[in-house]
4 protein chains.
Amino acid sequence: MKVTVWNENRHEKKNPKVSEIYPEGIHGQLASFLEKAGFETGTATLDEPEHGLTDEVLNETDVLVWWGHLAHDEVTEDIAEKVKQRVLDGMGLVVLHSAHFSKVFKKLMGTGCDLKWREADEKERLWVADPTHPITEGIDEYIELEKEEMYGEHFDIPAPDELIFISWFEGGEVFRSGATFKRGRGKIFYFRPGHETYPTYHNEEIQKVITNGVKWAANTATPTPVRGNHQPLENISTKA
Amino acid sequence: MKVTVWNENRHEKKNPKVSEIYPEGIHGQLASFLEKAGFETGTATLDEPEHGLTDEVLNETDVLVWWGHLAHDEVTEDIAEKVKQRVLDGMGLVVLHSAHFSKVFKKLMGTGCDLKWREADEKERLWVADPTHPITEGIDEYIELEKEEMYGEHFDIPAPDELIFISWFEGGEVFRSGATFKRGRGKIFYFRPGHETYPTYHNEEIQKVITNGVKWAANTATPTPVRGNHQPLENISTKA
Amino acid sequence: MKVTVWNENRHEKKNPKVSEIYPEGIHGQLASFLEKAGFETGTATLDEPEHGLTDEVLNETDVLVWWGHLAHDEVTEDIAEKVKQRVLDGMGLVVLHSAHFSKVFKKLMGTGCDLKWREADEKERLWVADPTHPITEGIDEYIELEKEEMYGEHFDIPAPDELIFISWFEGGEVFRSGATFKRGRGKIFYFRPGHETYPTYHNEEIQKVITNGVKWAANTATPTPVRGNHQPLENISTKA
Amino acid sequence: MKVTVWNENRHEKKNPKVSEIYPEGIHGQLASFLEKAGFETGTATLDEPEHGLTDEVLNETDVLVWWGHLAHDEVTEDIAEKVKQRVLDGMGLVVLHSAHFSKVFKKLMGTGCDLKWREADEKERLWVADPTHPITEGIDEYIELEKEEMYGEHFDIPAPDELIFISWFEGGEVFRSGATFKRGRGKIFYFRPGHETYPTYHNEEIQKVITNGVKWAANTATPTPVRGNHQPLENISTKA
């Protein structure tokens, strides 16, 4: 199974606080624990040609992990459309944190994907809302993060197919912070945590959830449905 | 409550069979029974300036009914985007038959919205899958249409919020022919029947379902959620 | 439309704090604002013969509102089964607060319906998770209750058909505090607030939600599906 | 992984047609292909002591497969309740065909679980409604069974969490024939085909679906949520 981690990789270049936490970039850190979990893992970033997402890379990727924040608009329409199409064709997609506003996620959701937010070093508790789900495997009843950015409802997404985590924030908000969606033959997992100035992706429980999410999002070998003009049953005579 | 019926109005101009069934156009027929049901009803068509969907019309419309088939591509990107945004802002949308492939529906679904089809004068039975739903109010356990175009699974849509009807076709197919979706503050009802060469919109049960659908899709007076930067509870001190 | 409010009416008899807040009983208070909202409203309590839920009362009730806590076990199996059957046959049900553990709700859910709880005079914020829903009509983005009992996840219910409210509690928990379920031809709304020692049912926003919930839960006039042995289409010859 | 196949095993004793198709009983045939698929598989039948479902057997079973028809009422209340509880505690459950009316399934659903039916040797086509799901892995866009009993809507179940298959029947009906439900920590898959007088469980595609269903229903290692009285966050002072 082949995983590609995509990152816009801009905070890392501008903000020493971020590059200190993630010396190999956010993508480097994500790739590192996914590699250890046994996936063949590559990375791609915004400033590479075609944002690192050539047809070859996309066609070979089983699950794409996406982190973006500052530069959603710099992702070309063409690449965003291509990634969306690959998801509909069966590539899994794990959408992290501020990537709720990425072109790819917005195209797949069909909604504005906006939310409330606040940077205030607040405690976050992610409560497990679905203890039967493979994404929560091995996770206790909540994950606690000492400091994170707040994201609050109303989160402008379609009602998820499955609600996996609900976050609590110190300042009075809640958030549907883990949610799954199926679109076409692709499976999508949105997972909230991961503001660039906190060491969230060093947290082992968070790593476990992302690893579980990647595993879950991988395509099953169901054939693509045939669409278009279709023949009737032979032995049933229509009334034409 | 103000309803606008949009129709591309092309079959009616080209095919005498269609104009015989719908002398006032498909939009005229839809508007006629919706008016009788007590809604203030207007119409809009593709060839009018701005496709008849000016800002004024859209802003005053509570529920938009959409029929299109031949000319989805002639709907401008600008108008399609505007209609999508109005739905997210709370306008109801009833999507009929071949409008599964309209720009507006595809943008809101995020998927390809493709399906199987066959024109063979086949019998269709629409079975009620949800007998608690206001959209099925007054409808018996199925609606039978002597002749219709076939639409078959797999229908490439997100799992609907509610599955209202499942169709059976003589030639061996099934179809999720009535389905609801919430997007942003808007409610969407997709309803399958209505191929232009059959008198489907003269059928009283079909009229009842569309009327129920329009009623259901109307916006509730819930305020639009505020998003963006948000203040914490006053008496809770964050750890910053 | 006929509403019946059922209450076990035991705290009111034992605890002066409760009878001070609700001199007419919790049922009296609920009935009072539902009556004002225009419903024909009656009450029924545990200690009446047949718990006040005779066949006559049940058959005439469009929506039943249920509050219970101390004495779930004193509701006879026979009456609980009868109420469940009436819901499946189309009577609406609004389940309040500690009635999550009532026999009727547990039978209809098929799960344990357990949760976390704490009595600590904590602030509760009920965030609107579905701003398209008639149950949130007229409600701002959250309802704040100065003091309530805490209920926390994991709430052992089936994934709701619709998630309407998510609660935030001061002590670190979240809860799916407004949720809808369809069972048979009946509609069920679970709504969390209403611990007996707080004046929650005097809060106008809470009253608005319960009123909206009652309206939503009322049965639509869809005929009851016929089940059992069924005849095939006449003109389709089976292969037997 | 340990699978137990439960069968009431009565048709096999009464009807030579059935024992000819299934010389080892329906349970024997189901166990045979599940064993080949790599599961450690046992069987249990109605007439064994405790219906073969002792505490030992239940506690060691990861996924229980259930077939019953004539003798649902002979399953003791005590055993039915115990099986239900084990599902809520995390045991997977695959419910086949006429077991829609089993005590265990009805208790877990909370509804009547009734449907239309007809024995007329009709063709059935099971269309894949969810081509992303592990249960449809390796299955083409439909499975065709030359002869089966008809089951028709309205099927009186809660809206499933996931709709996997929709059946078409020659005589004019449709049916939600593959559906998943989560209850407590348990996962449930209902799968329609398998009338005792047809060789349905010899069909390799049907075997594939049941095998996939068993795999899917197996419990994930998520800890059981703690419920009951719960302590608040230490550093957050409540207002009491």
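Biologist: Let's start in chain D: at roughly what angle do the axes of helix α3 (residues 25–36) and helix α7 (residues 204–217) cross?

Modeller: Keep in mind that we're looking at a predicted model. In chain D, the axes of α3 and α7 cross at roughly 70 degrees and come within 10 Å.

Biologist: And how do I turn that crossing of α3(D) and α7(D) into a word?

Modeller: The general idea is to sort by angle: 65 to 115 degrees counts as roughly perpendicular. That's why α3(D) is called roughly perpendicular to α7(D).

Biologist: Which residues of α3(D) and α7(D) meet?

Modeller: On the α3(D) side, look for Gln29(D), Leu30(D), Phe33(D) and Leu34(D). They meet Gln207(D), Ile210(D), Thr211(D) and Val214(D) of α7(D). Sorted by class, this contact of α3(D) with α7(D) has 5 nonpolar residues, 3 polar ones and no charged ones.

Biologist: What about α3 and α7 of chain B, at what angle do they pack?

Modeller: In chain B, helices α3 and α7 pack at about 70 degrees, with their axes 10 Å apart. The pair α3(B) and α7(B) is therefore roughly perpendicular. Here Gln29(B), Leu30(B), Phe33(B) and Leu34(B) of α3(B) face off with Gln207(B), Ile210(B), Thr211(B) and Val214(B) of α7(B). The class split for α3(B) with α7(B) is 5 nonpolar, 3 polar and no charged.

Biologist: And in chain C, how do the axes of α3 and α7 cross?

Modeller: The chain C axes cross at roughly 70 degrees and come within 10 Å, so α3(C) and α7(C) are roughly perpendicular to each other. Gln29(C), Leu30(C), Phe33(C) and Leu34(C) make the contact from α3(C), and Gln207(C), Ile210(C), Thr211(C) and Val214(C) make it from α7(C). By class that gives 5 nonpolar, 3 polar and no charged residues.

Biologist: OK, on to the backbone. Which residues does the cis peptide bond in chain C join?

Modeller: The number to read is omega. In chain C, the cis bond joins Glu153(C) and His154(C), with omega about 15 degrees. His154(C) sits in the loop between β6 (142–152) and β7 (162–169) of that chain.

Biologist: What is omega for the cis bond between Glu153(D) and His154(D)?

Modeller: About 10 degrees for that one. His154(D) is in the loop between β6 (142–152) and β7 (162–169) of chain D.

Biologist: Now phi. What is the phi of His51(B)?

Modeller: His51(B) has a positive phi of about 55 degrees, although this residue is not a glycine. You'll find His51(B) in the loop between β2 (40–45) and α4 (55–60) of chain B.

Biologist: Let's do pockets. What volume does the largest pocket have?

Modeller: The largest pocket has a volume of about 1,000 Å³. Its lining has 46 residues, and the closest to the centre are Lys84(A), Lys106(A), Lys107(A), Lys84(B) and Lys107(B).

Biologist: Which helices each supply at least two residues of that lining?

Modeller: Helices α5 (77–88) and α6 (103–109) of chain A do, together with α5 (77–88) and α6 (103–109) of chain B.

Biologist: How many nonpolar, polar and charged residues does the lining have?

Modeller: It has 7 nonpolar, 16 polar and 23 charged residues.

Biologist: Last one: which residues of chain A does UniProt list for a domain?

Modeller: The unreviewed UniProt entry lists residues 2–217 of chain A as "domain: ThuA-like". In the model, residues 2–217 of chain A are 28% helix and 32% strand, and the end C-alpha atoms lie 12 Å apart.

Note on methods
Residues are numbered from 1 along each chain as its sequence is written. Chains are lettered from A and ligands numbered from 1 in the order in which they are written. This is a predicted model: local features need pLDDT of at least 70, side-chain atom pairs count only at pLDDT 80 or more; totals for chains, interfaces and linings use all residues. Side-chain values use heavy atoms; hydrogens and water are left out. On a 1 Å grid over the protein atoms alone, a cavity is a set of points where a 1.4 Å probe fits but cannot get out, and a pocket is an open set with protein on both sides within 12 Å along at least five of seven lines; lining residues have an atom within 4 Å of a point. Grid points are joined across faces, edges and corners, and a volume is the space filled by probe spheres set on the points. Helices (H or I, at least four residues) and strands (E, at least two) are DSSP runs, numbered from the N terminus. Ala, Val, Leu, Ile, Met, Phe, Trp, Tyr, Cys and Pro count as nonpolar, Asp, Glu, Lys and Arg as charged, and the others, Gly among them, as polar. Axes are lines fitted to C-alpha atoms, for helices over the stretch in contact, and angles run from 0 to 180 degrees between N-to-C directions. Angles under 35 degrees count as roughly parallel, over 145 as roughly antiparallel, 65 to 115 as roughly perpendicular and the rest as oblique. Contact means heavy atoms within 4.5 Å. UniProt positions are given in the numbering used here, feature names are shortened, and annotations may be inferred rather than shown by experiment.
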